[in-house]
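Visitor: I am new to this structure and should be grateful for a close look at a single part of it. Please take the metal site and then show how its surroundings are arranged.

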Amino acid sequence: MPLYDFRCEKCQHAFEANVSLKDKEAGVKPSCPNCESKEVSQIFRPLGFIRRQSSGGGGCSSGFG
Ligand SMILES: [Zn+2]
């Protein structure tokens with residue numbers, strides 16, 4: 001059975017679940033293993049690697065005087 005990536009919309013928990021083609025056509029979605037919510041959305045992985053962008057820096061200035 002194929003594994004699909006899902007993410008819970010409630011707790012943002014990402015998990016994998018195997019969904020058969022029949023269930024997929026019927027629109028059956030797995031429930032979140034964390035909070036058992038049905039509000040999950042499938043994550044489609046694009047080709048290539050997803051890299052996170054982190055913005056560094058930031059001002060931390062304190063004025064004396
Ligand atoms: Zn959840």
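Guide: In this predicted model, four cysteines hold the zinc ion through their SG atoms: Cys8, Cys11, Cys32 and Cys35, at 2.3 to 2.4 Å. The arrangement is tetrahedral, because the 4 donor atoms subtend angles of 105 to 118° around the zinc ion. For comparison, the ideal angle for four tetrahedral donors is 109.5 degrees. Along the chain, the donors of the zinc ion follow the spacing C-x2-C-x20-C-x2-C. Distant parts of the chain are thereby linked: Cys8 belongs to strand E1 (residues 3–8), while Cys35 lies 27 residues away, in the loop between helix H1 (21–25) and strand E3 (40–43).

These two donors may also be set side by side in terms of accessibility. Cys8 has a relative accessible area of 0% and is therefore buried. Cys35, at 35% relative accessibility, counts as partly exposed.

From Cys8 one may turn to the sheet that contains its strand. Three strands form an open sheet in the order E2-E1-E3, with antiparallel pairing. Strand E2 (14–18) and strand E3 are the edge strands, each pairing on one side only. From one strand to the next, the twist averages 40°. Between E1 and E3, the antiparallel pairing extends over 4 bridges. Arg7, for instance, has Ser41 in E3 as its bridge partner.

Strand E1 also contains Asp5. With a relative accessibility of 14%, Asp5 counts as buried, because the cut-off for that class is under 20%. Apart from neighbours within four places in sequence, Asp5 is in contact with Phe15, Glu16, Ser41, Gln42, Ile43 and Arg45. Ser41 thus appears twice in this account, as a contact of Asp5 and as the bridge partner of Arg7.

Two loop residues complete the view. Most residues other than glycine have a negative phi. Gln12, which is not a glycine, nevertheless has a positive phi of about 60°. Gln12 is located in the loop between E1 and E2, and its relative accessible area of 46% makes it partly exposed. Glu36 is likewise a residue other than glycine with a positive phi, near 60°. Glu36 lies in the loop between H1 and E3, where the zinc donor Cys35 is also found. At 65% relative accessibility, Glu36 counts as exposed.

Key
Residues numbered from 1 in each chain as written. Predicted model: local features only at pLDDT ≥ 70, side-chain atom pairs only at ≥ 80, totals over all residues. Heavy atoms only, no water. Donors = N, O, S within 2.8 Å, 3.2 Å for Na, K, Ca; no water. Tetrahedral: all angles 85-135°; square planar, octahedral: opposite > 155°, others 65-115°. Buried < 20%, exposed > 50% of the residue type's maximum accessible area, 1.4 Å probe, protein only. Contact = heavy atoms within 4.5 Å. Pairing = 2+ DSSP bridges. Axes fitted to C-alpha atoms, helices over the stretch in contact; angles between N-to-C directions.
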